[in-house]
Amino acid sequence: GPGRAGTAPADDEDGHGLAGMRERVAALGGRLSAGPRAGGGFRVYAGLPVEPTT
């Protein structure tokens, strides 16, 4: 999203952040992308495989 003016990202004292998200998504066979958006803000996308329910 566009983010909020005058705010800083939260500190990640546990060390999980994007690296931890990427690791968890990969463990489930998915993919994760993250980075700044052209119009401002930051985008995080996680695609996870799901099996159809019947």
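1. Which pattern does the chain follow when read along the sequence? The pattern is α-β-β, with 1 helix and 2 strands in the chain. Helices (H or I, at least four residues) and strands (E, at least two) are DSSP runs, numbered from the N terminus.

2. On the basis of the note: this is a predicted model, in which local features need pLDDT of at least 70 and side-chain atom pairs count only at pLDDT 80 or more, while totals for chains, interfaces and linings use all residues. Residues are numbered from 1 along each chain as its sequence is written, and side-chain values use heavy atoms, with hydrogens and water left out.

3. On the strands: strand 1 (residues 31-36) and strand 2 (residues 42-47) run antiparallel and are joined by 6 bridges; two strands pair if DSSP finds at least two bridges between them. Ser33 has Tyr45 of strand 2 as its bridge partner. The two strands form a hairpin with 5 residues between them, and Gly40 in the turn has a positive phi of about 105°.

4. On exposure and contacts in the chain: 9% of the 54 residues count as buried. Buried means under 20% relative accessible area, exposed over 50%, and partly exposed in between (1.4 Å probe, protein chains only). Among contacts (heavy atoms within 4.5 Å) between residues at least 6 apart in sequence, 23% join residues at least 24 apart.

5. On the surface: the accessible area of the chain, from the Shrake-Rupley method with a 1.4 Å probe, comes to about 4700 Å². Carbon and sulfur atoms account for 54% of this surface.

6. On the nonpolar patch: Leu18, Phe42 and Val44 make a nonpolar surface patch of about 230 Å². Patch residues have over 30% relative accessible area and no salt bridge, and nonpolar side chains (Val, Leu, Ile, Met, Phe, Trp, Tyr) are joined within 5 Å; a salt bridge is a side-chain nitrogen of Lys or Arg within 4 Å of a carboxyl oxygen of Asp or Glu. Phe42 is found in strand 2 and is partly exposed at 40%.

7. On Val44: this residue of strand 2 is partly exposed because its relative accessible area is 43%. Not counting residues up to four places away in sequence, Val44 touches Leu18, Met21, Leu32, Ser33 and Ala34. The C-alpha atoms of Val44 and Met21 are separated by 9.9 Å, with their positions 23 residues apart along the chain.

8. On Leu48: located in the segment after strand 2, Leu48 counts as partly exposed at 45% relative accessibility. Leu48 touches Val25, Leu28 and Gly30, residues up to four places away in sequence not being counted. Leu48 and Gly30 lie 18 residues apart in sequence and 4.4 Å apart in space, C-alpha to C-alpha.

Terms used: Patches are made of residues with over 30% relative accessible area and no salt bridge: like charges are joined within 9 Å, nonpolar side chains (Val, Leu, Ile, Met, Phe, Trp, Tyr) within 5 Å.
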